[in-house]
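Biologist: I would like to go through this model one feature at a time, starting from the terms. What should I know before reading on?

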Amino acid sequence: MYISQALVIYLASKGVHATVQQYLAPTQDINFPSSETATNPLQWVGANGPWYAGPNVFGISSEVPENCQVDRAAYVLRHGSRYPDQGAYDGWVSMHQRFQNHSYTARGSLSFLSDWQPVLTNPTAQIAMENPTGAKESYDLGYTLRTRYPDLYREGDQFMVWANNYTRVLQTATMFVRGFLGFTASQAGSVISVTSKGFPANVGDSLAPSDMCPNFADSQGGANKTTWDNIWIPPVQKRLQALIRGNLTLTADDVSQIPYLCGFESHITGRLSPWCDVFTDEEFRQYEYSNDLRYFYGVGPGTDLPKKMMTPFLNSLVGLLQNGTTHGTKVDGSTFQIPKLLMSFLNDGQLTELVTASGVFDAQAPLSATKKDDRRLWVGSRYVSMRGTVAFERLNCVVKNDGKSETSYSILGHPSTPSASSQATTNATYVRIRLNDAVYPIPSCKNGPGSSCKLSDYANYVSKKYAAEGNWITNCNVTVTEDTPTTVKGASFFTDLSKPWLQQLPV
């Protein structure tokens, strides 16, 4: 289809030409201070640190490519920063008791040990909930996306988001809606809670599909992580033990807890934890590599079944972006308008499975268990941090008939007179993927504007991957009942709110 000169002028007037936007929202809304011993400790604590804008590892601008506009987007993200789960907190309490019950003197970076105590002030109310930093991260993201995509929402329209039925995930979704809508949130906003267990009909059709997959097991990195931990922890343990005189002996588990405590205490209190003053930069990076092994071989590319868990969801999501469905069905049979900005909230495991399925790490070789690869692409803190995010932006672009982006604008942004060879233009739809805001191309499909992939090609890529992975029901060894689907639906909840495992919640 040829694009008229009028449409080209219209697109230019809408900012489709390459103009760098000057946003009021900061690129990084959480400070990452240096500690006494490390340059940027919170960046190296893997999945345990607050959100930060991922580095531009490919050198691809995150600005909308020239002659393109984002006409739809889907964001899938982990909950925001949180308090520890019960098991982790029990470990902190046990450490505190040991530190109090021994006779010793600690010096240097460990001089605070005898005075240290867990930072929770009301564990009964706080355990596993989103903390104030997480609330800020979620609210800030709402504001950021409202201003990043002004054409994807009209003031006064109803706006809903989807969230796994898990308290801290629902809390994150709620705070996001409040940040996105502001004072109209209670009137126009809602959260669709998606329950992942107890309904045979929603097998493979939730935001936590592994919950209904009997064969699923997260190895936590298994032997690969254990091997690496046995390499990097002993030298650190020896160095720190030399700072202690008396009968307190630091264990390997104590050492591995230090970066975890650095991250969690910092985003719980909003102040850099003294635990961040213990490790050097290199020691933090060694811990980060351990965390990367945990996800790579636990639920990521280094697995067989776990990496397949979110492919049905991705296939369904890409289909929705491709077919342009605009309306869904409510419980009462009436219709609702599907938001142009589609938001989903879940947990770290599901996010990792989805990022794996997306294809952006297809070129990543298996990670070594014995040598840290400083050039690896797979760095968990760049996507599975607290409030870690994978985004799919649908780009509507004016391109030449050879598929290359049309660039016939003057320096002032006004359309110049195109040459005869450049007048044959058309519009085409592409998709680009962003992890914590940084653009990550698909290795096998990156010829579109800004290293994007033509949406139809990406849909074909995902469809072939899904088919090659085999039957999801069979892979999981699901007990089939009369309600179990023959083929899992992936994400039917985006278009059908009538199912009993869905509940629309006010914000």
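Modeller: Buried means under 20% relative accessible area, exposed over 50%, and partly exposed in between (1.4 Å probe, protein chains only). The model is predicted: local features need pLDDT of at least 70 and side-chain atom pairs 80 or more, while totals for chains, interfaces and linings use all residues. Residues are numbered from 1 along each chain as its sequence is written, and side-chain values use heavy atoms, with hydrogens and water left out.

Biologist: How many salt bridges does a search of the whole structure find?

Modeller: A salt bridge here is a side-chain nitrogen of Lys or Arg within 4 Å of a carboxyl oxygen of Asp or Glu. Searched on that basis, the whole structure has a salt bridge count of 21.

Biologist: Which parts of the chain does the salt bridge between Asp85 and Arg168 tie together?

Modeller: The two side chains meet at 2.8 Å, N to O. Because Asp85 and Arg168 sit in separate parts, 83 residues apart in sequence, their salt bridge ties together the loop between β1 (68-78) and α2 on one side and, on the other, helix α5 (residues 167-181). Helices (H or I, at least four residues) and strands (E, at least two) are DSSP runs, numbered from the N terminus. The parts asked for are thus the β1–α2 loop and α5.

Biologist: Which residue of that pair is buried, with a relative accessible area of 5%?

Modeller: Asp85 has a relative accessible area of 27%, so it counts as partly exposed. The residue at 5% is its partner, Arg168.

Biologist: Which residue is linked with Asp85 and Arg168 in a network of salt bridges?

Modeller: Asp85 and Arg168 meet in a salt bridge. The network of salt bridges that holds both of them also includes Arg82.

Biologist: How many residues apart are Arg148 and Asp437?

Modeller: Their side chains meet in a salt bridge, at 3.1 Å, N to O. The pair links distant parts of the chain, with Arg148 in helix α4 (residues 132-148) and Asp437 in the loop between β10 (425-435) and β11 (438-440). Both residues are buried. In sequence, their separation is 289 residues.

Biologist: What covers the buried residues of α4?

Modeller: The buried residues of α4 include Thr133, Glu137, Asp140, Leu141, Leu145 and, at the salt bridge already described, Arg148. Among the elements that cover the buried residues are β1, α5, α8, β8 (341-346) and β10.

Biologist: Why does Lys499 count as partly exposed, and is its salt-bridge partner Asp496 buried or exposed?

Modeller: The side chains of Lys499 and Asp496 meet at 3.6 Å, N to O. Lys499 has a relative accessible area of 25%, so it is partly exposed. At 18%, Asp496 is buried.

Biologist: Which residues is Lys330 in contact with, leaving aside its neighbours within four places in sequence?

Modeller: Lys330 is found in the loop between β6 (327-329) and β7 (335-337), and its relative accessibility of 32% makes it partly exposed. Lys330 and Ser498 are 168 residues apart in sequence, yet 5.5 Å apart in space, C-alpha to C-alpha. Contact means heavy atoms within 4.5 Å. With the sequence neighbours left aside, the contacts of Lys330 are Thr335, Phe336, Leu497 and Ser498.

Biologist: How many cavities of 30 Å³ or more does the structure hold?

Modeller: On a 1 Å grid over the protein atoms alone, a cavity is a set of points where a 1.4 Å probe fits but cannot get out, and lining residues have an atom within 4 Å of a point. Points are joined across faces, edges and corners, and a volume is the space filled by probe spheres set on them. Counted from 30 Å³ upward, the number of cavities is three.

Biologist: Which element gives the largest share of the lining of the largest cavity?

Modeller: The largest cavity has a volume of about 50 Å³. Its lining includes Val431, Arg432, Ile433, Val439 and Tyr440, and the elements that give two or more residues to that lining are β10 and β11. The largest share, three residues, comes from β10.

Biologist: Which elements give two or more residues to the lining of the second largest cavity?

Modeller: The volume of the second largest cavity is about 40 Å³. Met95, Phe99, Leu110, Leu113, Leu250, Asp254, Ile258 and Trp275 line the second largest cavity. The elements that give two or more of the lining residues are α2 and α8.

Conventions: On a 1 Å grid over the protein atoms alone, a cavity is a set of points where a 1.4 Å probe fits but cannot get out, and a pocket is an open set with protein on both sides within 12 Å along at least five of seven lines; lining residues have an atom within 4 Å of a point.
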